[in-house]
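Trainee: I'd like a close look at one part of this model rather than a tour of the whole thing. Pick a stretch, please, and follow it outward as far as it takes you.

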Amino acid sequence: MKSYIGIDLGGTNVRVAKIAEDGTIISQVKGPSYGTEGPSKVMANLKEMIRDIPNWKECSGIGCGVPGPVDTKAGAMVLSTNLPGFTGYPFADELAKEFGMPAFLDNDANVAGLAEAVVGAGKGLSTVFYVTISTGIGGVLVVNGKTVSGKHGFGGEIANIIIDRDREKVNYLNVGAIENEASGTAITRKGREAFPEKDIPHAGAVFALAEKGDEKAIAIIDGMKKDLGQLFATIACVCDPDIFIIGGGMTKSADKFLAGVIENYKAMSHTAVHDTPFVIAGLEEPGIIGAAMLPKSNGI
């Protein structure tokens with residue numbers, strides 16, 4: 001069985017692992033990423049960590065997931081807010097030359113979706129759409145085991161999809177952008193606005209109030225269900241996936257909102273797509289597993 005090197009690189013921490021093509025993690029090392037110290041420091045650290053993996057030379061390729069959009073053809077980041085200096089940096093080429101094997105780069109949410117599509121809940125299906133609902137909202141379309149990133153690396157960047165032009169302006173995103181209306185951050189913001197006298201540390205506090213019958217909290221969660229239902233109906237119009245896989249921290253409360261999301265999805269989509277299953281992501285380490293699946297998805 002083939003094995004690959006997977007890298008989960010963030011602005012603060014990094015993990016490097018040797019992973020079998022079935023998704024089994026064979027060995028891994030963890031450490032600081034030195035993300036604010038520039039490409040030279042980050043890459044030197046990465047190379048050292050790869051060489052710390054036992055029998056790394058047995059691997060067939062290298063894959064890396066990074067925060068932000070990626071030009072997958074060039075193997076470089078398009079925007080590197082959390083990794084200063086990496087915009088346009090020849091990331092994949094440098095690793096390929098250093099280790100004498102193919103190397104690939106993609107967005108961290110994309111590789112998480114790739115993992116679920118290739119070795120997780122979407123295994124064996126041709127068209128998978130993965131949505132992560134957490135602090136923000138992201139997504140990726142995976143077709144025949146390959147992520148669809150598009151020309152500029154923004155394929156699947158669903159956070160800015162407008163679900164209502166009559167909402168308030170929150171930040172740099174569009175007015176009514178789904179991330180500003182239904183993410184964990186959005187639910188927390190709305191909870192604090194609705195309950196200034198209460199402690200609302202996170203979205204879970206709003207769910208708890210709704211369960212107790214508070215009408216204002218119920219209205220917030222009902223709005224979230226409708227907004228997400230519209231998002232999924234919009235995605236279905238574009239790619240009609242075999243399955244929707246949902247990941248991210250908000251899935252811990254899925255029993256409190258997913259049924260309502262599906263109900264609204266059906267109300268706003270064509271009857272032909274009503275049987276599309278919605279499944280909660282099941283892999284414990286989708287980020288690093290998905291990174292390792294990048295060479296496999298490219299035929300390596």
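Mentor: Let's start with a strand pair: Ile62 sits opposite Ala103 in E7. Keep in mind that this is a predicted model. E7 covers residues 103-107, and its partner is strand E4, residues 62-66; the two run parallel and are joined by five bridges. E7 is largely enclosed by the rest of the structure, because four of its five residues are buried.

Now step from that strand into the helix. A side-chain oxygen of Asn107 comes to within 2.8 Å of the backbone nitrogen of Ala109, at the start of H3. H3 itself takes in residues 108-119, twelve in number, and its end-to-end C-alpha distance of 16 Å is close to the 16 Å expected. It's mostly covered, with eleven of the twelve residues buried. Plenty of those have no charge to hide, including Val111, Leu114 and Val118, but Glu116 is also on the buried list, and that's the residue I'd zoom in on.

So what does Glu116 do for a charged partner? It has no salt bridge, and Lys123, the nearest side chain of opposite charge, is 12 Å away. Look at backbone nitrogens instead: the Glu116 side chain reaches that of Leu283 at 2.9 Å and that of Ala121 at 3.1 Å. Beyond its neighbours within four places in sequence, Glu116 is also in contact with a set of residues that includes Tyr130, Ile245, Ala281 and Gly282.

Two of the places Glu116 touches are worth following. Tyr130, one of its contacts, falls within strand E8, residues 127-133, which pairs antiparallel with strand E9, residues 137-143, over seven bridges. In that pairing Phe129 stands opposite Leu141. Both strands belong to an open, mixed sheet of five, ordered E10-E9-E8-E11-E12. E10 and E12 are the edge strands, each with a single partner, so one side of each has no neighbour in the sheet. The other place is around Leu283, whose backbone nitrogen Glu116 reaches. Further along the chain comes H9, residues 286-297, with ten of its twelve residues buried; Ile288, Met293 and Leu294 are among them. After H9 comes Gly299, with a positive phi near 80°.

For contrast with Glu116, look at acids that do find a basic partner. The model has 14 salt bridges. Asp227 makes one with Arg167, with the closest N and O atoms 2.9 Å apart. That pair ties together distant parts of the chain, 60 residues apart: Asp227 is in helix H7, and Arg167 is in the loop between E10 and helix H4. Asp227 has a relative accessible area of 4%, so it counts as buried, whereas Arg167, at 26%, is partly exposed. Arg167 also bridges to Asp164 at 2.8 Å, and Asp164 is partly exposed at 25%.

H7 holds another bridge within itself. Lys225 and Asp222 meet at 3.7 Å, N to O, and they lie three residues apart, about one turn of the helix. Lys225 is buried at 18%, while Asp222 is partly exposed at 40%. Elsewhere, salt bridges with shared partners join Asp164, Arg167, Glu181, Lys190 and Asp227 into one network. Put that beside Glu116, which is buried with no salt bridge and whose side chain reaches the backbone nitrogens of Ala121 and Leu283.

Technical notes:
Residues are numbered from 1 along each chain as its sequence is written. This is a predicted model: local features need pLDDT of at least 70, side-chain atom pairs count only at pLDDT 80 or more; totals for chains, interfaces and linings use all residues. Side-chain values use heavy atoms; hydrogens and water are left out. The expected span of a helix is 1.5 Å times one less than its number of residues. Buried means under 20% relative accessible area, exposed over 50%, partly exposed in between (1.4 Å probe, protein chains only). A polar contact is a pair of N or O atoms within 3.5 Å; within protein, one must be able to donate a hydrogen and the other to accept it, and residues adjacent in sequence count only if both atoms are side-chain atoms. Lys and Arg count as positive and Asp and Glu as negative; His and the chain ends are not counted. A salt bridge is a side-chain nitrogen of Lys or Arg within 4 Å of a carboxyl oxygen of Asp or Glu. Contact means heavy atoms within 4.5 Å. Two strands pair if DSSP finds at least two bridges between them.
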